[in-house]
Amino acid sequence: MKITGKFNNQKKLQDQKSGGKIYCTIDSVLQEVVYERQDNNNEYYYDCVVKTNQNKSLNQLALSAKPTLSKSVTETVTTTTTTPQEGTVTTTSTVTISPQLVFDYTNLVRSASGSVERWKSSVKQNFLSQSTSGDRPALGRFGGGVNGQAPLFFNAEEGDFMSLNSAVTLSGDFTMFFYLEPIANPEIKYVRLLGKSDDNDMFLSIGESANNTYVISFASGSGTEFASTSTYFQPSTSKLLITIQRSGNNIIIRENGVALTPVSSQAITNPTSDFVFDQVGKKGNRTDFFLNASLFHVSVYDGFIDSNLTRLEQSIIKNAEAAKGI
C-alpha cells in the first residue's frame, strides 16, 4: 500500500509538469513504464517514466545551446609607410578581432506567453531586455513560434524594441552582421536597427527617407547615407544578411555577401568618430517609428574582418535558414 500511495502521488505531480506518460505493451496489455526511485527517507518506490514537456525542453535548449560566432578571428594587416629617412617600408602584422556581442535566435532567449523578455549575448555579459510587456518582440510571427526555432518579431505598430544592459562603444574599425526579414507596412522604411537612447542623431537605420537606403549617423550632420534609385528600401531578397563595416574612413555595406555600389552622384562622408548604441529597434527617444521585422541574428565585432568575412556570413545565413515557424 505504501508503494502504491507514493506512486499515485508522484504520478499526479508528474502529470502536471510533464509532456505525458510513456507506455509499452506486455502480453497485449498496455502498461505504464515505471522505474525505481528512492525518497528522502531512503524508502524505494516506483515512478512512471514521462516525456519532458516540449516547451520546457525547447526553452532549456535555447538557454544552453552552444554559442555560435562567439570566437575571435585573426586578420593579417599590411601597412605601407614612406619617410625621407627610410623610404617606403611595408610591414605585416596580425590583429585579433573580437565579438562585442552575439545575439542569435537559437541561443539564450528567455520567453513567456509568446513574447521575449530577455535575449542574452553569447559573449561577454551583454543582454537585451524589455520591461514593458506590450513593447516586447514576439517569439515568431505574432507569438506563434517555438523558442530556439523561431526568430524575434518586432512589430512597429506595437512599438517593440529592446534595450542593452550596457551601451556598446565602437572605436575605429568595426564589422556588424544583421540577419532579418523586413516587413513592409506598406513600404519597407524606418528599419531602425540600432540606436542610442539619449541621442536621436546616433543610429543605424534603413529607409529613413525616400531614395535613401542605409543610414549610419554619428552626430547631427555627420554620417553616411547610401542613396537609392528606388523609393525607400528594396532588399535583394525577402530575408537577408546585412553586413556593415568601417575600415578607416570607408563604410562598406553588403547584402547576402555582395557589396553594394553607391549611386555615383551621392556625396558620402565617413566619420571616424565613435559609434555608440544601447538599443535595438528604436532611434533615440523617438516614438514615431520602430523596427518592423523578424530578427534572427545580430553580432558586432571590434575590427574590420576581411579574410574571414565570407566564412562568417555563410555560417550566419545557414543557421538562419534553419529557422522554423516564423
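Here are some exercises with worked solutions on a predicted model.

**Exercise 1. Helix H3**

Check whether the length of helix H3 fits its residue count, then work out how its buried and exposed residues are arranged.

*Solution.*
Step 1: Start with the length. Helix H3 covers residues 309-321, which is 13 residues, and at 1.5 Å a residue the expected span is 18 Å. The C-alpha atoms at its ends are 18 Å apart, so expectation and model agree.

Step 2: Now list the buried positions. These are Leu309, Leu312, Glu313, Ile316, Ile317 and Ala320. They lie on the same side of H3, because the arc they cover around the axis is only 130°.

Step 3: Turn to the other side of H3, where Gln314, Lys318 and Glu321 are exposed.

Step 4: Finally, look for what covers the buried residues of H3. The cover includes strands E5 (73-83), E14 (174-182), E19 (240-247), E20 (250-255) and E23 (293-301).

**Exercise 2. Glu117 and its two arginines**

Find the salt bridges that Glu117 forms with Arg110 and Arg136, and describe the setting of each residue.

*Solution.*
Step 1: Take Arg110 to begin with. Its salt bridge with Glu117 has its closest N and O atoms 3.4 Å apart. Arg110 is partly exposed, because its relative accessibility of 41% falls between the cut-offs of 20% and 50%.

Step 2: Apply the test to Glu117. With a relative accessible area of 23%, Glu117 is partly exposed as well.

Step 3: Move on to the partner Arg136, whose side chain meets that of Glu117 in a salt bridge at 4.0 Å, N to O. Glu117 sits in strand E9 (residues 115-120), while Arg136 is in the loop between strands E10 (127-129) and E11 (138-139), so this pair ties together parts 19 residues apart in sequence.

Step 4: Arg136 has a relative accessible area of 18%, so Arg136 is buried.

**Exercise 3. Glu208, Arg192 and their network**

Decide whether Glu208 and Arg192 are buried or exposed, and place their salt bridge in the chain.

*Solution.*
Step 1: The side chains of Glu208 and Arg192 form a salt bridge with an N to O distance of 2.9 Å. This pair links distant parts of the chain, 16 residues apart: Glu208 is in the loop between E16 and strand E17 (212-219), and Arg192 is in strand E15 (residues 191-196).

Step 2: Compare each value with the 20% limit for burial. Glu208, at 15%, is buried, and Arg192, at 1%, is buried too.

Step 3: Widen the view to the network. Salt bridges link Arg192, Glu208, Lys283, Arg286 and Asp288. Across the whole structure, a search finds 11 salt bridges.

**Exercise 4. Around Asp201**

Locate Asp201 and identify its contacts beyond its neighbours within four places in sequence.

*Solution.*
Step 1: Asp201 belongs to strand E16, residues 199-206. Its relative accessible area is 33%, so Asp201 is partly exposed.

Step 2: Once those neighbours are set aside, Asp201 is in contact with Ser217, Phe218, Ala219 and Ser220.

Step 3: Try a spacing in sequence and in space. Asp201 and Ser222 are 21 residues apart in sequence, and their C-alpha atoms are 8.7 Å apart.

**Exercise 5. Cysteines**

Count the disulfides, and classify Cys24 and Cys48 by accessibility.

*Solution.*
Step 1: The count of disulfides is 0.

Step 2: Cys24, at 29% relative accessibility, is partly exposed, whereas Cys48, at 2%, is buried.

Note on methods: Residues are numbered from 1 along each chain as its sequence is written. This is a predicted model: local features need pLDDT of at least 70, side-chain atom pairs count only at pLDDT 80 or more; totals for chains, interfaces and linings use all residues. Side-chain values use heavy atoms; hydrogens and water are left out. Helices (H or I, at least four residues) and strands (E, at least two) are DSSP runs, numbered from the N terminus. Buried means under 20% relative accessible area, exposed over 50%, partly exposed in between (1.4 Å probe, protein chains only). Contact means heavy atoms within 4.5 Å. The expected span of a helix is 1.5 Å times one less than its number of residues. The arc is that of the directions from the helix axis to the C-beta atoms. A disulfide is a pair of cysteine sulfur atoms within 2.5 Å.
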